[in-house]
Amino acid sequence: MNMEARKGQAALEFLLLAAFFLFIFLLLTGYFASLQRSQIVDREYLLASEVTSRIAYEVHAALLAGPGYEKSFVLPSTLGTSEYELRITNYDEFATAYAEVRWTKGGTEYEYSSPLASRNLWTGSTPILDANPLTLDPDEKINIKRVELLPGETGNGGKIEFTQ
């Protein structure tokens, strides 16, 4: 075998070896990118849980405190890097009302919800029901107030009012 044939064979072997390692590198890069994306979504679920739990805690505190309880609080404006929508829903087919968070990441929609301790929820003078869930702006301060029931009104423990 002459010298030029050996050089050609060495160059071919080098290219095959380089292509093999490039392929392995691309596989590992894809795997770690997928792992990182999964961890980001997990973190956003954790943050969504904290947001809905805070709403649930404030409703429960208002019920326990009694008439006259009033509190203002703020929530994070994003879940990690994602903007989110916060809603208070009160559907007839469920036993309780819910605080729901929805957000989109990479074209996929995610949702997290927590049950609330009361269904007697209001926004001003309008009850929060199937037809009109309350959408809260996470960038603005949220006010919650416990109001005593008026004569003729029904509900356990009084009304809980949300305002922004």
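1. Let's start with R102, which is partly exposed at a relative accessible area of 28% (buried is under 20% relative accessible area, exposed is over 50%, and partly exposed is in between, using a 1.4 Å probe and protein chains only). Salt bridges that share partners put R102 into one network with E85, R87, E100 and E111 (a salt bridge here is a side-chain nitrogen of Lys or Arg within 4 Å of a carboxyl oxygen of Asp or Glu).

2. A word on what you are looking at. This is a predicted model, in which local features need pLDDT of at least 70 and side-chain atom pairs count only at pLDDT 80 or more, while totals for chains, interfaces and linings use all residues. Residues are numbered from 1 along each chain as its sequence is written, and side-chain values use heavy atoms, with hydrogens and water left out.

3. Back to that network. R102 forms a salt bridge with E85, with 3.9 Å between the closest N and O atoms. R102 sits in strand β3 and E85 in strand β2, so this pair ties together parts that are 17 residues apart in sequence (helices are DSSP runs of H or I with at least four residues, strands are runs of E with at least two, and both are numbered from the N terminus). E85 also has a salt bridge to R87, again with the closest N and O atoms 3.9 Å apart. R87 counts as buried at 16% relative accessibility, whereas E85 is partly exposed at 34%.

4. Now the sheet around it. Four strands make an open sheet, ordered β4-β3-β2-β7, with antiparallel pairing (two strands pair if DSSP finds at least two bridges between them). β4 and β7 are the edge strands, each pairing on one side only. From one strand to the next, the twist averages 25 degrees (axes are lines fitted to C-alpha atoms, for helices over the stretch in contact, and angles run from 0 to 180 degrees between N-to-C directions).

5. Some strand bookkeeping, for checking the register by eye. β2 (residues 84-89) and β3 (residues 98-105) run antiparallel and are joined by six bridges; Y84 has W103 as its bridge partner in β3. β3 also pairs with β4 (residues 108-115), antiparallel over eight bridges. Here V101 is matched with Y112 in β4, and K105 with T108. β3 and β4 form a hairpin with two residues between them, and G106 in the turn has a positive phi of about 60 degrees.

6. K105 deserves a second look. Besides its place in the hairpin pairing, K105 makes a salt bridge to E44, with the closest N and O atoms 3.4 Å apart. E44 belongs to helix α1 (residues 3-65) and K105 to β3, so the pair ties together parts that are 61 residues apart in sequence. Are these two partners buried or exposed? K105 counts as buried at 17% relative accessibility, and E44 is buried at 1%. The salt-bridge count comes to eight.

7. Aromatics link helix and sheet too. There are eight aromatic pairs (rings of Phe, Tyr and Trp, the latter by its six-membered ring, pair if their centres lie within 6.5 Å; planes under 30 degrees apart count as stacked, over 60 as edge-to-face, and the rest as tilted). One of them is Y45 with Y110, edge-to-face at 5.8 Å centre to centre and 85 degrees between the planes. Y45 is in α1 and Y110 in β4, 65 residues apart. Y45 is partly exposed at 30%, but Y110 counts as buried at 13%. Y45 and Y110 belong to one aromatic cluster with W103 and Y112.

8. Then the core. Which members of the largest nonpolar core touch the most other members? Of its 30 residues, they are I55, L86, I88, L116, L121 and F162 (a nonpolar core is a set of buried Ala, Val, Leu, Ile, Met, Phe, Trp, Tyr and Cys residues joined through side-chain atoms within 4.5 Å). Elements giving two or more residues to this core are α1, β2, β3, β7 (134-136), β8 (142-147) and β9 (159-163). The largest share, nine residues, comes from α1.

9. Finally, D137, in the loop between β7 and β8. D137 is partly exposed at 30%, and a polar atom of the D137 side chain lies 3.0 Å from the backbone nitrogen of D139. From D137 to L28 it is 40 Å, C-alpha to C-alpha, with their positions 109 residues apart in sequence.

Definitions and conventions
A polar contact is a pair of N or O atoms within 3.5 Å; within protein, one must be able to donate a hydrogen and the other to accept it, and residues adjacent in sequence count only if both atoms are side-chain atoms.
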